[in-house]
Amino acid sequence: MPKLDFSSDDQAATVARVRDYFLSEFDLDVGRFEAEAILTFFAKEIGAHFYNRGLYDAQSVIVNQVDVINDAIYQLEKAPGD
């Protein structure tokens, strides 16, 4: 999986959310570097799972839409002599 590049603003916002989560859930004040390390760990270890799940979900939506289109085309077909 290619390295994910986030904008500085996106990275800062995500790090802030991690820090807020650890503070509110565990009363643990993690620093910016620790929060970045946590994000890197999760991205490396389980990021591909979520990425693949997103691909499967998108594929499912596309397959369903193709089925809808195929049904619509079938309804437009005319019998010989019509």
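Arginine 32 and glutamate 36 sit 4 residues apart in helix α2, so about one helical turn separates them. In this predicted model, their side chains meet in a salt bridge, with 3.1 Å from N to O. The spacing fits a general rule: an α-helix has 3.6 residues a turn, so residues three or four places apart point the same way. Opposite charges matter here too, since side chains of opposite charge can pair when their charged atoms come close. Both partners are partly exposed: arginine 32 has a relative accessible area of 43%, and glutamate 36 has one of 22%. That second value lies not far from the cut-off for burial, which is under 20%.

Let us follow α2 along to another pair. Aspartate 57 and arginine 53 also form a salt bridge, at 2.8 Å from N to O. They are 4 residues apart in α2, so about one helical turn lies between them. Aspartate 57 is partly exposed at 37% relative accessible area, and arginine 53 counts as partly exposed at 46%.

The structure holds 3 salt bridges, and one of them leaves α2 aside. Aspartate 29 pairs with arginine 19, their closest N and O atoms being 3.8 Å apart. This pair links distant parts of the chain, with aspartate 29 in the loop between α1 and α2 and arginine 19 in helix α1, 10 residues apart. Aspartate 29 is exposed, at 60% relative accessible area, while arginine 19 is partly exposed at 32%.

Stay with that loop for a moment. Aspartate 27 is also found between α1 and α2, and its phi is near 50°, a positive value in a residue other than glycine. Its relative accessibility is 66%, so aspartate 27 counts as exposed. Two residues of interest have contacts in this region. Leucine 23, in helix α1, touches Leu28 and Asp29 once its neighbours within four places in sequence are set aside; leucine 23 itself is partly exposed, with 42% relative accessibility. With the same neighbours left out, phenylalanine 22 is in contact with Asp27, Leu28, Val30 and Ile38.

Phenylalanine 22 also takes us inside. Which residues make up the largest nonpolar core? There are 6: Val15, Val18, Phe22, Val30, Ala35 and Ile38. Helices α1 and α2 each supply at least two residues of this core, and the largest share, 3 residues, comes from α1. Seen from the other helix, Ala35, Ile38 and Gly47 are buried in α2, and the buried residues of α2 pack against α1, which spans residues 8–26.

Finally, turn to the surface of α2. The helix has a kink of about 60°, centred on isoleucine 46. Isoleucine 46 also belongs to a nonpolar surface patch with Phe41, Phe42 and Phe50, and together the four have about 420 Å² of accessible area. Phenylalanine 42 lies in α2, which runs over residues 32–76. Is phenylalanine 42 exposed, partly exposed or buried? Its relative accessible area is 42%, so phenylalanine 42 is partly exposed.

Put together, α2 contributes to several parts of the picture: buried residues that pack against α1, two of the core residues named above, Ala35 and Ile38, which are buried in this helix, and a kink centred on isoleucine 46.

Technical notes
Residues numbered from 1 in each chain as written. Predicted model: local features only at pLDDT ≥ 70, side-chain atom pairs only at ≥ 80, totals over all residues. Heavy atoms only, no water. Patch = residues over 30% accessible without salt bridge, like charges linked within 9 Å, V, L, I, M, F, W, Y side chains within 5 Å. Areas by Shrake-Rupley, 256 points an atom, 1.4 Å probe, with all protein chains shown as cover. Buried < 20%, exposed > 50% of the residue type's maximum accessible area, 1.4 Å probe, protein only. Bend = angle between axes of the 7 residues up to and from the residue. Contact = heavy atoms within 4.5 Å. Core = buried A, V, L, I, M, F, W, Y, C linked by side-chain atoms within 4.5 Å.
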